[in-house]
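Here's an informal walk through one protein model, going from its open spaces to its core and its charged pairs. Keep the structure open while you read.

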Amino acid sequence: PPPETHLIVGQNISFRVTAYLGVDRNVSLALLSDPGLPNGAAVTGELPWVWQNSTGESAVYREVHFTPSPPQAGLSYRICFEAYEPADRNNSAVLCATVLVAAPVPTFDGNLTAPGGVVMEVGVGCPVRLRIVVADGGGSNYCVDVFNGRFDGSHRVPPMGELIPVSTTAVPMIGTHDGCARREYELAWYPQKGQEPHDYEYCVHAFDTLCDGLACEQRGIEMCYHVRVAKCKYCLGTGETIMHAAARYRTDWLQLWGANTHIRNPDHIPAWSELVLGPTYTVQTGDTLQGISARFGTTLGAILEANSDIQVVDNEGMIVPGDRLCLLPYVCWDDVFSSAAGGHTPRETAPRIEF
């Protein structure tokens, strides 16, 4: 056998050890008990063989068969045989071979995976779609899976988010847990109204498919993402119009159009375009919600509607200096309505006053 053999879990290896001494001289071949055989390996008894050369020397050989199991990943084994002459035990020779069982090395592909640790700021409804690609960094093509959250189950994707398997780049299998050049996932989340203005840290972890128990966490890897859901920002979903956004936030579509000067035509806005809903205001010492609403021409209800993080105690909104508020202009919804198509038109029958 070669001095050193590399294999992976589930890959079978067989090699022959042959001993010969000379014409008309007996030779035996013994497996040394120290270090012995790996668990699961087998060795045949002595088998005779005629040496194919001009002298016609006789020989014996033994064969070793070994298929490593998952717990043997990352271990190395030394297998040794002694050839000796039964009539003279001192006349002997020792041959050893080393078998290395490759361990998986779960790795995030840094060139393809969205980087972690960077704070991303998005508005409500804006797509947070992160590409995650994993592979066996040890080069053995062991398969690696990605899971939601940290190892302990914390920091999972926020509500309405999901981890989606996208594809597996397959290669021919050699063992039982390989055959994956890489696997790709997408972490998709569309923040919902009410999740602003909070910061979210959510994570994924990756295990190789053959790990078990403690070995999973020892070989596993984690990556975390930080997303801040901003106030006063909103992304139009597929099929939505600026009128839909106005209805959602109980404001006027003309006000929204005026606040988003980058929009040329309000009737043709691409999906996932980000809209600014209105100005933001930083609370100063002595400010009250009533005073702020009067100053900016809005209402207390409109402020609370646009700022779900404000706590209300005894019918009083609690704010402190430094808080940032999203301010939307007041719109009288008794004079407008949202049609099924999302448009705003005057009522067909408007109130009238006669003298």
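Start with the largest pocket: 19 residues line it, and Pro197, Ala230, Lys231, Arg324 and Leu325 lie nearest its centre. Strand 16 and strand 21 (324-326) are the elements that each give two or more residues to that lining. Strand 16 has the largest share, at 6 residues. The pocket's volume comes out at about 390 Å³. Sorted by class, its lining has 9 nonpolar, 2 polar and 8 charged residues.

Before going further, a word on the ground rules. This is a predicted model, where local features need pLDDT of at least 70 and side-chain atom pairs count only at pLDDT 80 or more, while totals for chains, interfaces and linings use all residues. Residues are numbered from 1 along each chain as its sequence is written, and side-chain values use heavy atoms, with hydrogens and water left out.

A few terms, too. On a 1 Å grid over the protein atoms alone, a pocket is an open set of points with protein on both sides within 12 Å along at least five of seven lines, a cavity is a set of points where a 1.4 Å probe fits but cannot get out, and lining residues have an atom within 4 Å of a point. Grid points are joined across faces, edges and corners, and a volume is the space filled by probe spheres set on the points. Strands (E, at least two residues) and helices (H or I, at least four) are DSSP runs numbered from the N terminus. For the classes, Ala, Val, Leu, Ile, Met, Phe, Trp, Tyr, Cys and Pro count as nonpolar, Asp, Glu, Lys and Arg as charged, and the others, Gly among them, as polar.

**The closed space**

How many cavities of 30 Å³ or more does the structure hold? There is 1. The largest cavity encloses about 40 Å³, and its lining includes Val124, Glu196, Tyr249 and Cys326. Strand 16 (residues 221-235) again has the largest share of a lining, here with 3 residues. The cavity lining has 7 nonpolar, no polar and 2 charged residues.

**The nonpolar cores**

In soluble globular proteins, nonpolar side chains tend to be buried together. The largest nonpolar core (buried Ala, Val, Leu, Ile, Met, Phe, Trp, Tyr and Cys residues joined through side-chain atoms within 4.5 Å) has 39 residues, and Ile132, Val134, Leu187, Tyr202 and Tyr225 have the most contacts inside it. Among the elements that supply at least two residues each are strand 11 (128-136), strand 14 (180-189), strand 15 (199-208) and helix 2 (242-248). Strand 16 gives this core the most, with 7 residues. A second, separate core has 22 residues, including Ile13, Val17, Leu29 and Val99.

Ile132 is a good residue to click on. Leaving out residues up to four places away in sequence, the residues it touches (heavy atoms within 4.5 Å) include Phe108, Val146, Arg183, Leu187 and Tyr225.

**Charged pairs**

A search of the whole structure turns up 15 salt bridges, each a side-chain nitrogen of Lys or Arg within 4 Å of a carboxyl oxygen of Asp or Glu. Three of them are listed here.

| Salt bridge | Closest N and O atoms |
|---|---|
| Asp145 with Arg183 | 2.2 Å |
| Arg228 with Asp199 | 2.9 Å |
| Asp208 with Arg219 | 2.8 Å |

Asp145 sits in strand 12 and Arg183 in strand 14, so this pair ties together parts 38 residues apart in sequence. Is Arg183 buried or exposed? Arg183 is buried, with a relative accessible area of 18%, whereas Asp145 is partly exposed at 22%. Buried here means under 20% relative accessible area, exposed over 50%, and partly exposed in between (1.4 Å probe, protein chains only).

Arg228 is partly exposed, at 32% relative accessible area. As for the third pair, Asp208 is buried, with a relative accessible area of 3%, and Arg219 counts as buried at 19%.

**Out on a loop**

Pro172 is found in the loop between strand 13 (162-170) and strand 14. Pro172 is exposed, with a relative accessible area of 70%. Not counting residues up to four places away in sequence, Pro172 touches Asp178 and Gly179. Pro172 and Asn141 are 31 residues apart in sequence, with their C-alpha atoms 9.4 Å apart in space.
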